[in-house]
Number of protein chains: 2
Amino acid sequence: MSTLRARQKQERQDRIVGSAKALFKKVGFDRTTIESIADAAGVSSVTVHNYYGTKSGVLLALVNESDSLLIEKLEASLPTADIELLELTLMFARQIMDHAIATLEKNIWRQVVAAVTSDAGSQLSMAYRKLDQQLADVLVRRIESAQRAGTLQPQIDALHLGRALFQLQNARFIQFISFDGMTQDEIELRLRNDLTALFAVGIGGSTQ
Amino acid sequence: MSTLRARQKQERQDRIVGSAKALFKKVGFDRTTIESIADAAGVSSVTVHNYYGTKSGVLLALVNESDSLLIEKLEASLPTADIELLELTLMFARQIMDHAIATLEKNIWRQVVAAVTSDAGSQLSMAYRKLDQQLADVLVRRIESAQRAGTLQPQIDALHLGRALFQLQNARFIQFISFDGMTQDEIELRLRNDLTALFAVGIGGSTQ
DNA sequence: CAAAAATTTTAGTTGAATAAAAAATTTTTT
DNA sequence: AAAAAATTTTTTATTCAACTAAAATTTTTG
């Protein structure tokens, strides 16, 4: 029951992450210094480094937390059956964008993506990727359930389809956060166009 | 005809970009300092800053150059007609990966992606995105020509299909560079699975 | 050769990151 | 409960490199 010390550690970490979030939102990532985070959290800057290694480390820790919530929310709110594949995917995308915007500014999300890419391999990057995979799994399971419900042909490969749809959605999400002027509606339209065009390919069968 | 000065400027820039490339390949991005680039190029570090602003700036300049070549190469080598959509896309993806690996290490590509994402909005980021769009256009044109050749149903929306395929390919490309252990074959397989699953959706028509 | 333009030098700021010793706190032992 | 041991945090100090500003110098042009 080594817990008093552990609890305090947890509290300290919570304070750090909380202060970081507030500062990121207030003055942006670049202009937030590790020292300002440390000050706001009532710890020393060395402690921040000890826990999270780098400034990006703090950011990723913060995002990992909030993304775990997103998965639960998605799991709960995404309709289970009786929905078109295209609509399902769009709904999925919309919820992710909603969540992202509710959590942090686009600008900060760009830093998240950059950090995950730039130091792929770090603990926190890998945690982030794992969450992505869980998101993809949500989609896969909905596809399977649509197949059971008869809304979608059963011979389709649900796993690969779900992953492909996730990749596409994710690519568009990154586009969404990459431009301040890009609206959710515009991204939704693009994703819709993507899917419509792709789904149209199979329709005619081989022309040969 | 203000050209002597302009020529020297160009030469200086070439030297900077060349030295940077050599250093990035040799010791990696992080351990290359702007001063070492400047030294190798025979200019002062301030000059490097003046031209490219940041270290990432130099990197993006370098990549923009080499990617222009890629587009030409693709345009020349990608078969014009008489090819399946799936094979076309895979070939496209393969050439991009080949080019990427021939140019820089995965590690450096990660920095490229990070830089483009992190300061979206900078000149060089936007140039990079423009090149991406040109890449997508190559795909679109091949699709149109496949339609003219009768290999693909003419009623399909070539523009949106091409863009969707590019997005998917790009997502998989980023996955490719994100892990040192990820092979081209593995990525090709994933992309093939993506496409097969997506194209299968249309086949049955509506079940409703 | 003088004017104009660009580069380099000089000098300084900033903040991330790290190391090692000191201080504080918690746990364990007596 | 007090002392000792163990662990964590903070202090202190330093390094490193990106980036910037302004003056000095060089180069080009007319």
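Chain A averages a pLDDT of 91, and 95% of its residues score at least 70. pLDDT is the predictor's confidence in each residue, on a scale from 0 to 100. Within chain A, helix α8 (residues 158-178) has the highest mean of any element, 97, and α1(A) the lowest, 87.

Ground rules, quickly. This is a predicted model, where local features need pLDDT of at least 70 and side-chain atom pairs count only at pLDDT 80 or more, while totals for chains, interfaces and linings use all residues. Residues are numbered from 1 along each chain as its sequence is written, chains are lettered from A and ligands numbered from 1 in the order in which they are written, and side-chain values use heavy atoms, with hydrogens and water left out.

Now the fold of chain A. Chain A has 9 helices and 0 strands. Helices here are DSSP runs of H or I with at least four residues, strands are E runs of at least two, and numbering starts at the N terminus. The C-alpha trace of chain A spans about 70 × 45 × 30 Å along its principal axes.

There are two domains to look at. Domain 1 of chain A covers 1-53, and domain 2 covers 55-201. Those bounds come from an automatic or database domain assignment. Their centres, taken over C-alpha atoms, are 28 Å apart. The contact between them (heavy atoms within 4.5 Å) takes 13 residues from domain 1 and 14 residues from domain 2.

Next, two helices of chain A. α4(A), residues 55-77, has 23 residues and reaches 33 Å from first C-alpha to last, close to the 33 Å expected. The expected span is 1.5 Å times one less than the number of residues. A:Thr54 caps the N-terminal end of α4(A), with a side-chain oxygen 3.4 Å from the backbone nitrogen of A:Ser56. α7(A), residues 123-148, has 26 residues and should span 38 Å; its end C-alpha atoms are 37 Å apart, which agrees. Just after α7(A), A:Gly150 takes a positive phi of about 85°.

On to the DNA. Which residues come nearest to strand C? Of the 18 around the strand, they are A:Gln8, A:Thr33, B:Arg12, B:Thr47 and B:Tyr51. Near means a heavy atom within 4 Å. That surface divides into 6 nonpolar, 8 polar and 4 charged residues. α1 (4-27) and α3 (45-52) of chain A, and α1 (4-27) and α3 (45-52) of chain B, each supply at least two residues. The largest share, 4 residues, comes from α3(B).

What part of the strand is touched? Of the atoms of strand C within 4 Å of the protein, 76% belong to sugar or phosphate and the rest to bases.

Last, the phosphate oxygens of strand C. A polar side-chain atom of B:Tyr51 lies 2.2 Å from one. A side-chain N or O atom of B:Arg12 is 2.6 Å from one. For A:Lys55, a backbone N or O atom lies 3.5 Å from one.

Technical notes: A polar contact is a pair of N or O atoms within 3.5 Å; within protein, one must be able to donate a hydrogen and the other to accept it, and residues adjacent in sequence count only if both atoms are side-chain atoms. Ala, Val, Leu, Ile, Met, Phe, Trp, Tyr, Cys and Pro count as nonpolar, Asp, Glu, Lys and Arg as charged, and the others, Gly among them, as polar.
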